[in-house]
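Notebook open, viewer open. I want to go through the helix packing here and jot down what I find.

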Amino acid sequence: MARDNSKLLHGPLFFRSVPLDRRNAARRISAYIYGNILILSALIPVAPSHEDVGIAVVLGAAVSTFVAHVFAESVGQSVRQSGAPTAPEPWLDLRDSLPILSSAVLPCGILVAAAIGWLEPRTAQVLAEVAMLVRIGGITFVIRRLEGERPDRSTLLGALLLSCVATAVVAVKVILTH
């Protein structure tokens, strides 16, 4: 069955008539975590000032990671299929990689608040970093929902643990690359 490219890229965000299959859900969750970790890694070394709050760094990290991820996924897909992908597959790779771009939206919004003077730059940076950790930990609630389970205390504990592991991963990345 041929799929409409517009539906592939602009399908519903919150409500679906058909649940997302596990493969696509796993790919999007992976891209979501990856994007959030790289955005957090880009935020930490920024020295915010009233003139520069780091928006360009965050956007640059998001866009470059997105492009690299889509490229890598397309090459990987061609290996999995041993040949050129069918028409909708590149669009599916693009859609599954969009969480990387979405990872930059909230921190950029917070940094814009600093750029226009609503927040002090350092406060905005800390808020953006905390927001990224909350986003990473919050994915446990999404995973729980995909498993058909209701969130409970273990979901919250998993969120805290995931945030701690993500912090360690980010620390290693920042130490090794900056």
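First thing I wanted to know: in which hand, left or right, does α2 pass α3? I looked it up, and the crossing is right-handed. The two helices, α2 and α3, pack at about 145 degrees, and their axes are 10 Å apart. On the α2 side I find R23, R27, A31, Y34, L38, I39, A42 and L43 making the contact, and on the α3 side V57, V58, A61, A62, T65, H69, E73, Q77 and R80. Note to self: I am reading a predicted model.

**Overall inventory**

I stepped back to see what the protein is built from. I get seven helices and zero strands, so to speak a plain α-α-α-α-α-α-α run from the N terminus on. The protein has 178 residues, and 36% of them count as buried. I also pulled the contacts with a separation of 6 or more: residues 24 or more positions apart account for 74% of them. Accessible surface for the protein comes out at about 10,800 Å², with 69% of that belonging to carbon and sulfur atoms.

**Helix α2**

Next I checked α2, residues 22–43. From first C-alpha to last, α2 reaches 31 Å with its 22 residues, close to the 32 Å expected at 1.5 Å a residue. How many of the residues of α2 are buried? I get 17 of the 22, so α2 is largely enclosed by the rest of the structure.

Then I looked at α2 against α6, which covers residues 121–146. Their axes come within 9 Å and cross at roughly 165 degrees. The cut-off for roughly antiparallel is over 145 degrees, and α2 and α6 are therefore roughly antiparallel to each other. The crossing of this pair, α2 and α6, is left-handed. The α2 residues in the contact include A25, I29, I33, I37 and L40, and those from α6 include A128, M132, L133, I136, I139 and I143. I39 and L43 of α2 caught my eye: they are listed in the contact with α6 and also in the contact with α3.

Just ahead of α2 I stopped at D21, in the loop between α1 (5–10) and α2. D21 counts as partly exposed because its relative accessibility is 37%. Its C-alpha is 9.3 Å from that of L146, although D21 and L146 are 125 residues apart along the chain.

**Helix α3**

Does the length of α3 agree or disagree with what 1.5 Å a residue should give? α3 has 27 residues (55–81), which should span 39 Å, and I find its end C-alpha atoms 39 Å apart, so that agrees. Its buried residues are V58, A61, A62, T65, F66, H69, V70 and Q77. I keep the usual helix rule in mind here: there are 3.6 residues a turn, so residues three or four places apart point the same way.

I picked V70 of α3 for a closer look. V70 counts as buried because its relative accessibility is 17%, and the cut-off is under 20%. Leaving out residues up to four places away in sequence, V70 touches L94 and S97. The C-alpha atoms of V70 and L98 are 9.2 Å apart, with their positions 28 residues apart along the chain.

Last entry: α3 against α5 (residues 105–115), packed at about 165 degrees with axes 9 Å apart. That makes α3 roughly antiparallel to α5. The contact uses I55, V58 and L59 of α3, with P107, C108, L111, V112 and A115 of α5. I noted the crossing of α3 and α5 as left-handed.

Methods. Residues numbered from 1 in each chain as written. Predicted model: local features only at pLDDT ≥ 70, side-chain atom pairs only at ≥ 80, totals over all residues. Heavy atoms only, no water. Helix = DSSP H or I, 4+ residues; strand = E, 2+ residues; numbered from the N terminus. Expected span 1.5 Å × (residues − 1). Buried < 20%, exposed > 50% of the residue type's maximum accessible area, 1.4 Å probe, protein only. Contact = heavy atoms within 4.5 Å. Areas by Shrake-Rupley, 256 points an atom, 1.4 Å probe, with all protein chains shown as cover. Axes fitted to C-alpha atoms, helices over the stretch in contact; angles between N-to-C directions. Parallel < 35°, antiparallel > 145°, perpendicular 65-115°, else oblique. Left-handed = near helix turned anticlockwise from the far one by under 90°.
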